[in-house]
Amino acid sequence: MKNSIYKYDSEELYNHAVNRLKDFGVELIEIAKLVQELQVEYIEGLDLERCLDSVKSVIKKRDSVHAILTGLALDDLANEGKLPEPIQSIIHDDEGLYGVDEILTLGIVNMYGTIGLTNFGYLDKKKIGIIKELDEKKKVERVTTFADDLVAAIAAAASARIAHQNRK
C-alpha cells in the first residue's frame, strides 16, 4: 500500500502525461526543439539534450501534469462529441474568443515568470514546429484546442527555466 494521500505517484503521473502527449502525436524531443529555437540566440552551444531535460523537468511538476491531463481529456471529449452544448461546439471549433485553453496552460507558464509568459505569447502567435502541426490537425484530423497551447506552454516554461539557470 502506498504511503501517500495521492492515488498516483509523481512518476506514474509523469509517464501518463508523456503517453497522452504521444497520443496526440507529440514527442518530447519536438518540444525540446522549440526550446532550443527560443534560447539558442541567448545561450551559445545550447544542446538539444539540455533542452529535453528541461522539458522533462517542467512536465514532472504536478501542476503541469494536471493541466496536461485535463486539457487533453477535454480535447478527447470534444473530439468524441461528448461535451454538452454549447461548450462542445466552442471547443470543437476552437472559437477565437474562447480563451480557457490559454488560461489552463498559463498554470504551467506562470511557474517560470515573465520570461515564460512572453515565450508562450510568441509561440501561441507564431505557431512553429509541432505547435503548427497540432494547430493544422484541428482543421482535418482531430480536436487539438488544448493540445497546441499545452505544448507551447511546456516549451515556453522549459525555455524560461533554462534562461533562469543561465542568469549571470
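# A guided tour, starting at L150

Select L150 and show what surrounds it: leaving out residues up to four places away in sequence, L150 touches A67, I68, G71, L72, T105 and I108. You are looking at a predicted model, and L150 belongs to its helix 9. The relative accessible area of L150 is 0%, so this residue is buried. Now add I68 to the selection and draw a distance between the two C-alpha atoms: I68 and L150 are 82 residues apart along the chain, yet their C-alpha atoms are separated by 6.4 Å.

**Step back to the whole chain**

Zoom out and switch to a cartoon view. How many helices and strands does the protein have? There are nine helices and zero strands. Following the sequence from start to end, you read the pattern α-α-α-α-α-α-α-α-α. The radius of gyration is 16 Å, close to the 15 Å that the globule rule gives for 168 residues, so the protein is as compact as a globular protein of that length. If you turn the model along its principal axes, the C-alpha atoms fill a box of roughly 50 × 45 × 25 Å.

Colour by burial next: 45% of the 168 residues count as buried. Contacts are worth a look too. Taking those with a separation of 6 or more, 71% are between residues 24 or more positions apart.

**Further along helix 9**

Go back to helix 9, which covers residues 147-165, and select S159. Is S159 buried or exposed? Its relative accessibility is 0%, so S159 counts as buried. Show its surroundings, leaving aside neighbours within four places in sequence, and you will find V35, L38, Q39 and N119 in contact with S159.

**Helix 3, end to end**

Select residues 48-60, which make up helix 3. At 1.5 Å a residue, these 13 residues should span 18 Å, and the end C-alpha atoms are indeed 18 Å apart, so the expected and actual spans agree.

Which residues of helix 3 are buried? Highlight C51, L52, S54, V55, V58 and I59. They cover an arc of only 160° around the axis, so they sit on the same side of helix 3. Then bring in the cover over these buried residues, which includes helix 1 (10-23), helix 2 (28-39), helix 4 (62-79), helix 6 and helix 9.

Stay on helix 3 and pick R50. With a relative accessible area of 26%, R50 is partly exposed. Apart from neighbours within four places in sequence, R50 is in contact with I43, I162, Q165 and N166. You can also draw a line from R50 to A32: the two are 18 residues apart along the chain, and their C-alpha atoms are separated by 8.4 Å.

**Rings and charges**

Now show the side chains of the aromatic residues. A search of the whole structure finds one aromatic pair. That pair is Y98 with F146, arranged edge-to-face, with 6.2 Å centre to centre and 80° between the planes. Where do its two members lie? Y98 is in the loop between helix 5 (87-93) and helix 6 (100-109), while F146 is in the loop between helix 8 (129-140) and helix 9. The pair thus links distant parts of the chain, 48 residues apart. Both Y98 and F146 are buried.

Two other tyrosines have a charged residue over the ring. Select Y14 and K60: K60 lies over the face of Y14, at 5.2 Å from the ring centre. Then select Y6 and R62, where R62 lies over the face of Y6, at 4.3 Å from the ring centre.

**Last stops: the backbone in the loops**

Most residues other than glycine have a negative phi, and most peptide bonds are trans. With that in mind, select E85 and P86. The peptide bond from E85 to P86 is cis, with omega near 5°. P86 is in the loop between helix 4 and helix 5.

Move on to D94, in the loop between helix 5 and helix 6. D94 is not a glycine, but has a positive phi of about 50°. At 17% relative accessibility, under the 20% cut-off, D94 counts as buried.

Finish at K127, in the loop between helix 7 (113-126) and helix 8. K127 also has a positive phi of about 50°, although it is not a glycine.

Methods: Residues numbered from 1 in each chain as written. Predicted model: local features only at pLDDT ≥ 70, side-chain atom pairs only at ≥ 80, totals over all residues. Heavy atoms only, no water. Helix = DSSP H or I, 4+ residues; strand = E, 2+ residues; numbered from the N terminus. Buried < 20%, exposed > 50% of the residue type's maximum accessible area, 1.4 Å probe, protein only. Contact = heavy atoms within 4.5 Å. Phe/Tyr/Trp six-rings, centres within 6.5 Å; stacked < 30°, edge-to-face > 60°. Lys NZ or Arg CZ within 6 Å of the ring centre and 35° of its normal. Expected span 1.5 Å × (residues − 1). Arc of directions from axis to C-beta. Rg over C-alpha atoms; globule rule 2.2 N^0.38 Å.
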